[in-house]
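Let's take a walk through this fold, from the overall layout down to a few individual residues. Have the viewer open and follow along.

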Amino acid sequence: MRRTAVVYALALVIPIGLSAPIAISAQTKAPSLPLGQGRPEVAGITRTILKDDAKSTVTRVHFKPGAAEPAHTHPYDVIIVPVLAGTIEFTIGDKKVTAVKPGDVQFVPRDVTHQLTNTGKQDFELIAIALK
């Protein structure tokens, strides 16, 4: 209940970058990866854990140009907030986002396959907030 209230409160305060509802389709189950500690390293991606406790994990993620996350899921809802504008390819289920600006918000529901690639020529950063 608290998780739903937090997500709803964020949606009221922060404009959401989604133009349409997320279509969740039948898909091949991607591996579930932790947002914080224990996540495998990926070339060109640096993670800084800002908070990790029983209720949430907050991680700053830095992508070099061309760096790509493998497709994966999380067992909890995740809110993605860009810190730097970027040209990206961000897939959440069947939805694709190709450009973001600081303060845009993307919501990734639990167990939905998603993947992000920095397709631009500049570094890209985001804050990922997992509500456990």
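Two strands count as paired here if DSSP finds at least two bridges between them. Helices (H or I, at least four residues) and strands (E, at least two) are themselves DSSP runs, numbered from the N terminus. Before going on, a bit of bookkeeping: this is a predicted model, in which local features need pLDDT of at least 70 and side-chain atom pairs count only at pLDDT 80 or more, while totals for chains, interfaces and linings use all residues. Residues are numbered from 1 along each chain as its sequence is written, and side-chain values use heavy atoms, with hydrogens and water left out.

Start with the big picture. The protein has 1 helix and 8 strands, and reading from the N terminus the elements go α-β-β-β-β-β-β-β-β. Out of 132 residues, 42% are buried, where buried means under 20% relative accessible area, exposed means over 50%, and partly exposed is in between (1.4 Å probe, protein chains only). The accessible surface is about 7100 Å², and carbon and sulfur atoms own 61% of that; such areas come from the Shrake-Rupley method with a 1.4 Å probe, and for residues only the protein chains shown count as cover. As for contacts (heavy atoms within 4.5 Å), take those between residues at least 6 apart in sequence: 71% of them join residues at least 24 apart.

Now zoom in on one open sheet of 3 strands, ordered β5-β4-β7 with antiparallel pairing. Its edge strands are β5 (95-100) and β7 (114-118), each pairing on one side only. Strands of a sheet pair through backbone hydrogen bonds, either parallel or antiparallel. In between sits β4, covering residues 86-92 and joined to β7 by 5 bridges. Within that pairing, glutamate 89 has threonine 117 of β7 as its bridge partner. Towards β5 there are 5 bridges as well, and isoleucine 92 stands opposite lysine 95 there. How enclosed is β4 by the rest of the structure? Largely, because 5 of its 7 residues are buried.

Follow the chain out of β4 and you reach a hairpin: 2 residues separate β4 from β5, and glycine 93 in the turn has a positive phi of about 60°. Aspartate 94 is in this loop too. Since its relative accessibility is 48%, aspartate 94 counts as partly exposed. Its C-alpha lies 9.6 Å from that of valine 112, with the two 18 residues apart in sequence.

Valine 112 also turns up around another loop residue, threonine 73, which is found between β2 (56-63) and β3 (77-82). Is threonine 73 buried or exposed? It counts as buried, because its relative accessibility is 0%. Neighbours within four places in sequence aside, the contacts of threonine 73 include Lys29, Pro31, Leu33, Asp111 and His114.

Finally, look for empty space. On a 1 Å grid over the protein atoms alone, a cavity is a set of points where a 1.4 Å probe fits but cannot get out, and lining residues have an atom within 4 Å of a point. The whole structure yields 1 cavity of 30 Å³ or more. The largest cavity holds about 140 Å³ of space, a volume being the space filled by probe spheres set on the points, with grid points joined across faces, edges and corners. It is lined by 16 residues, and those closest to its centre are Glu69, His72, Ile80, His114 and Leu126. β7 gives the largest share of the lining, 3 residues.

Methods: On a 1 Å grid over the protein atoms alone, a cavity is a set of points where a 1.4 Å probe fits but cannot get out, and a pocket is an open set with protein on both sides within 12 Å along at least five of seven lines; lining residues have an atom within 4 Å of a point.
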